[in-house]
Amino acid sequence: MARINDHYLKLAAGYLFPEIGRRVTAFQQANPKADVIRLGIGDVVLPLTPSVRQAMHDAVDEMAIAKSFKGYGPERGYDFLRDAIAKHDFRSRGVEIDPNEIFVSDGSKCDSGNIQEIFAEDATIAIPDPVYPVYVDTNVMAGRTGAAGSDGRYAGIQYLPCTEASGFLPALPKRPVDLVYLCSPNNPTGAVATKAELSKWVDWARANDAIILFDAAYERFVTDPALPRSIFEIEGARECAIEFRSYSKTAGFTGIRCAYVVVPKELTGRDANGGSVAVSKLWDRRTSTKFNGVSYPVQRAAEAIYSEAGSKEVQANIDYYMANAAIIRAGLAKAGFHTFGGVNAPYVWMKTPGGLDSWQFFDALLSKANVVGTPGSGFGSCGEGYLRLSSFGFREKVEEAVGRIVQHFA
Ligand code: MLT
């Protein structure tokens, strides 16, 4: 028998969202008449916008003609998309990013999960708690941790608690680490770091020779213009940060798949002899070895969101989801629930009522109100006692879900 990677055996039974899916499917099989409303996984419901659809159609037509057909594309992405990203996502906000520092990919889940591969097996890591579970799980798979304790925390990871008292923002690590993951706007709490907060992190990373892995997948949902949308808005970040961006929620690409990573040229790590190595070279090496690029029609579709019409269409969808978030927040708050987030992020983080733990409330919500949320404890032990509601739903379903939660639990 082939020897397996024992580190996988340390992982909790299932990844969070498939586990939720299993419970919902079992419930539906037992209750086929139940009208279940899904506000669990953050999956978009609004269809592709006209500009995106047209750009994809046109690209498919190009592929159907010999003279414009395209085979393998550049592993890092086509220039037309990387130029558009540098111009619209960064230069328009006063941030200079060279298109060569941009690596187009098929999703931030893969990027934020894969990035750890280019760092040493014994690199030390700090991870906020609660946070997107991919950061922890991929480091467990890579063997950077010991076993999980009874609280689900893995030995070897420095967890950074994000609690109500800290505004759900992590404090600086108490012990030095090589890598720290930050996610702002935060999944799941919806908390957003201010410029002052991010400056503190950049100063710390530079002083401690650490690298910040900054997940900005939800930056487009920031409504407060004073809040940063990129870590590269902070002076000095080019020397200490990598940023992840995604079109999944921004442009309805969860099924289309497109995202990108920014690795600045200045960013370095050290080799076994203490020599300095450009991180972008390693990420490039990894990308060109393991990836053949995102398909041409998908990259044309992503480019279309930067056109005048495309950008307005995408903004309208974001506004729709953010109006949902406001409805969830207001409806629950009026009924006396404690809610957080949902203002600069598409997720509302609510305290579970009646002293229920996260999974107990998840089950009660499903069986009594037929509403699916995401248990806070699935994002880390500090998420215990909370539940995340996603605003990615149709308006009438969101309103109905809020009404049912109030009816059954207020
Ligand atoms: C979430 O619900 O947290 C996200 O949809 C998961 C993901 O983006 O992979």
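The centres of domain 1 and domain 2, taken over C-alpha atoms, are 25 Å apart. Keep in mind that this is a predicted model. Domain 1 takes in residues 11–47 together with 309–409, and domain 2 covers 52–307. So much for the bounds; now the surface between them.

How much area do domain 1 and domain 2 bury between them? The figure is about 2,900 Å², and 61% of it is on carbon and sulfur atoms. On the side of domain 1, Leu11, Tyr15 and Asn344 lose the most area to domain 2, and together they account for 23% of what that side buries. Counted by contacts, 34 residues of domain 1 meet 40 residues of domain 2.

Next, the polar side of that interface. The rule finds zero salt bridges across the interface of domain 1 and domain 2. Polar contacts are another matter: 15 residue pairs are found across this interface, both residues of each pair being at pLDDT 80 or more.

Which elements of domain 1 give two or more residues to the side that touches domain 2? They are helix H9, at 308–334, and three strands: E11 at 339–341, E12 at 347–351 and E15 at 386–390. H9 gives the most, with nine residues. By residue class, that side of domain 1 divides into 20 nonpolar, 10 polar and four charged residues.

The strands just named also belong to a sheet. Four strands form an open sheet, in the order E11-E12-E15-E14, with antiparallel pairing. E11 and E14, the latter at 374–375, stand at the edges with a single partner strand each, so one side of each has no neighbour in the sheet. Inside the order, E12 and E15 run antiparallel and are joined by five bridges. If you want a place to look on the screen, Val348 stands opposite Leu389 in E15.

Back to salt bridges, this time in the whole structure. A search there finds 29 of them. One to look at is between the side chains of Asp89 and Arg245, at 3.9 Å from N to O. Asp89 is in helix H3, residues 79–90, and Arg245 is in strand E7, residues 241–246, so this pair ties together parts 156 residues apart in sequence. As general background, side chains of opposite charge can pair when their charged atoms come close.

Last, some backbone details in the loops. Where are the cis peptide bonds I want to show? One joins Asp129 and Pro130, with omega at about 5 degrees. Pro130 sits in the loop between strand E3, 125–129, and helix H5, 134–141. Another joins Asn187 and Pro188, and there omega is about 25 degrees. Pro188 is in the loop that runs between strand E5, 179–183, and helix H6, 195–207.

The remaining item is Phe168. Phe168 is not a glycine, yet its phi is positive, at about 60 degrees. This residue is found in the loop between strand E4, 157–161, and E5.

To go back to the interface once more: about 2,900 Å² is buried between the two domains, with 15 residue pairs in polar contact and zero salt bridges by the rule.

Notes:
Residues numbered from 1 in each chain as written. Predicted model: local features only at pLDDT ≥ 70, side-chain atom pairs only at ≥ 80, totals over all residues. Heavy atoms only, no water. Domains from an automatic or database assignment. Contact = heavy atoms within 4.5 Å. Buried area = accessible area lost by both parts, 1.4 Å probe. Salt bridge = Lys/Arg side-chain N within 4 Å of Asp/Glu carboxyl O. Polar contact = N/O pair within 3.5 Å; in protein donor to acceptor, adjacent residues only side chain to side chain. Nonpolar A, V, L, I, M, F, W, Y, C, P; charged D, E, K, R; others polar. Pairing = 2+ DSSP bridges.
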